[in-house]
Every structure is written in structure tokens, then in C-alpha cells.
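Q: Please take a close look at one part of this model, the helix packing, and follow it wherever it leads. I'd like one connected walk-through, with the cut-offs spelled out.

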Amino acid sequence: MKVIFLALAFPKMDRSMYLYPQLVSQFNENGHDITVVAPIYDDIEAGLQIESGIKVLRVRTLPLFGVGLIKKGIANLMLPYQLKKALKNHKIDLNFDLIITPTPPITLYGLAGWLKKKSRGKIYLILRDIFPQNAVDLGMMKKSGLIHSYFRRKEKKLYQKSDHIGCMSQGNIDFIKEHNPEVQLSKLHLLPNWGDQLPLVPETEIIELRKKEKLENKIVAIFGGNIGLPQKLENIVELAIACKNEKDLVFIIMGNGNEYDNLKKLIQSKNVENIWLRDSLPHKEYFKWVQMADIGIISLSEKFTIPNIPSKSLSYYNTKTPILASVDKNTDFGAILESNEVGVWAEAGDTDALKNKLLKLVHNKDFRKKLGENGFNYMNKELTSLNTYLTIINEIEKT
């Protein structure tokens, strides 16, 4: 097939083989003619280029990350027009058989619809973000207000125009069915987060890292990634305070985001000595820290009404790191952890319950090892990019 992939954030192919680059590579390796259209990333120049044998059209856009909500909103609204203009300027052949677009953002529905009219290709939506409801949950948008109503219409049009919708979990499918009854059920199917296993670093490097950081005899619980409202890391601060008498337990939070400074002030104001707050690291270096850790932390705000499935868990599965999850009651992520025996969880905001689950991991090395091995096997069996590619192809071939 001739395939186009419309992306919001797409690292350079030779720098990060993760999630979307892995999927694009599967299409390429299986003989499809695939073109990626995405904003420029880091220091990559704008224009059509070949990255690891794949055509990638990089487009100069307004800043999409690290800016305020208003600027980010305007940038997302402008994005489809900028990508469309770039396709025209570079005289890209628009006769595509398959148009793949993930969320976020939902604003690309217009571009996907335009491409569908031009080519009669099918639209495959990778649903990784249920917007605008997530913004309502976090108090960033007023439900039924003008802005919410505007984006809600766009969301409904996106579902309407899509021929197939891949959802992260059964909870996601159920949520879409309940809140969008007009969506044809035949469009909805499971498409879990995926990731191909990266090689682990030698144990000697892990020992050296622990020695360098003076963590030789410590139990390390790590969180890495975005530090924002969705993660509600205040709950992890409360957990650390509740565990202050566990002298061998250290919490490490690595990352950046809009809430980084507020989190730093909170840790300082409460004099929380068992949390190390660090800036984000390049993926290769961060991966080593995750492998060194004994426990991987997932944290979601209890305000969420949508079922989030954090892709952060993939790094933990890959490094055989058992998961401790603080999540809202509306996600089925906890059920996924339990059914695959890869981690433990408690409802976000219930510090006592979360502490009890954590201590089961802290005081039982064999339990940690079992969960970690299960996660590694689960990822290798169920969550590969090849499985994801085959799921998409099978859905396309049904119609």
C-alpha cells in the first residue's frame, strides 16, 4: 500500500526507535511505500528527507511544546494547514491507500479528511488521547463552554471520518461507545501501546551507576517523564513522606514539564529528604537508570474520568522493573497490571493503600523479580510493533 503517517511529535528515525518510528519501520520493512509528515524536531531542518530509508517531510510550525496553553492551542489549530501547505509545496503524490493519524492532536481530522477525498484511502485513527475531556478533567477547560464545544465537535468529526479506530484498552473502547453512541462499533478495536525491546546494558554498568550515585544498598523507586497536571506527582510526594522511616528506600523523579518548578518547591517546603528530583536525561541514559531501579512508578491524577494507559510502562516492562501505579478509578490500567501480573496499584490519593502496595515490593525481592520477568515476557509476546502492524493490516483487510 501507499501509506501516509501524520504525526505531531516524531523523532528522527536514527535517533529514537520508539513507538511511532517503530511502527513506521514495520510498514517500510513489509514492503509498503510510507511517507511521514511531521513538524521539525529538535535541530532537524525543514523539508523532505530520507531518514533510515523512509521519506519524512519535516514542516516548520508554531511552537507546539514548552509553551503556554493559548500558544499551544493556536499552534495545534494551525498545524493541519501548515502540513497541507507543505504537501502541496513539495508536490507530494496524494494517491494514498491508507492515512494513519494518532491523537493528540484531534485537529488533524481536516487534513486526514482532505487526503481521503483526494485519494479515497482509508483513515486509521490511533487513539492515544481522548480530548477535550482530559482537559476538562484537569480543570484546563470548562465543560460545555465555547472552547470545549468547539473541540468536542472536532472530536466527533474525527471519529466520523475515521474508518478504523485503534484503542489502547477495553476501557477506552467502552468510553467511546458510552460518550459517542453514534460511532459505528465495527470501527473500534484494541490497539495496545507497543514497543520493541531494547537491549539491556551489562550488569557491570548498573553496579557502577549505583556506586557512583551512592545507591549500593538502596531500594530505588523511579519515575521518569513529563511532570505536569496529568501526573499529579504530589501524590508521590505524600507517599514518600509516609515512607520516611523506610531508610533504605529512595524515590527518584526525573523529567521536566509545566509542574516541575511547583514540584520542586513542594519537596523543599515539606523537607522531603527521600526524593531526588532530577532533570530529564537522553533516552539511552534514562533507560540505564530505569534498569538500575527496583520499582517503576506510574502516577495519574485522580481527577481523570477517561481511561489513560501510560506508555511509560513499556520502559519498565523492557527493563524487568515491576510497576507501582497510583491511578484514577476510571482507568483499567490497574486491571491490566493484575491480569498480567506485572505490577501493583492503588487508587490515586489513597496514600495508605499505595504505601501498603509499595512495601510489598520493597520487602520482597522475589516478588519484584517475578513481576519484572512477567512484564518482560508480556511485552515480548503481546506488545511488539509487529503485532501492532499486523493488527492494523488485519483491520484494514476486513473492509
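**Helix packing and the sheet beside it**

A: Helix α2 passes α3 in a right-handed crossing (near helix turned clockwise from the far one by less than a right angle; anticlockwise would be left-handed). This is a predicted model, with local features needing pLDDT of at least 70 and side-chain atom pairs 80 or more, while totals for chains, interfaces and linings use all residues. Numbering starts from 1 along each chain as its sequence is written, and side-chain values use heavy atoms, without hydrogens or water.

Back to the pair: α2 covers residues 69–89 and α3 residues 109–119 (helices are DSSP H or I runs of at least four residues, strands E runs of at least two, numbered from the N terminus). Their axes sit 8 Å apart at about 35° (lines fitted to C-alpha atoms, for helices over the stretch in contact; angles run 0 to 180 degrees between N-to-C directions). On the α2 side, Pro80, Leu83, Lys84, Leu87 and Lys88 make the contact (heavy atoms within 4.5 Å), and α3 answers with Leu111, Trp114 and Leu115. By class, that contact has six nonpolar, two charged and no polar residues (Ala, Val, Leu, Ile, Met, Phe, Trp, Tyr, Cys and Pro count as nonpolar; Asp, Glu, Lys and Arg as charged; the others, Gly among them, as polar).

Now for another pair. The axes of α8 (residues 234–242) and α13 come within 10 Å and cross at roughly 65°. That makes α8 roughly perpendicular to α13 (65 to 115 degrees; under 35 is roughly parallel, over 145 roughly antiparallel, the rest oblique). α8 also passes α13 in a right-handed crossing. Ile236, Glu238, Leu239 and Ala242 of α8 meet Thr351, Leu354, Lys355 and Leu358 of α13. Here the split is five nonpolar, one polar and two charged.

α13 leads straight to the sheet. Helix α13 (residues 351–362) lies across β9, β10, β12, β13 and β14, at about 175° to β13. Those strands belong to an open, parallel six-stranded sheet, ordered β11-β10-β9-β12-β13-β14 (strands pair if DSSP finds at least two bridges). β11 (275–278) and β14 (343–347) each have a single partner strand, so one side of each is left without a neighbour in the sheet. From one strand to the next, the twist averages 20°. Zooming in, β9 (residues 219–226) and β10 (residues 249–256) share eight bridges, in the parallel sense. Ala221, for instance, has Phe251 of β10 as its bridge partner.
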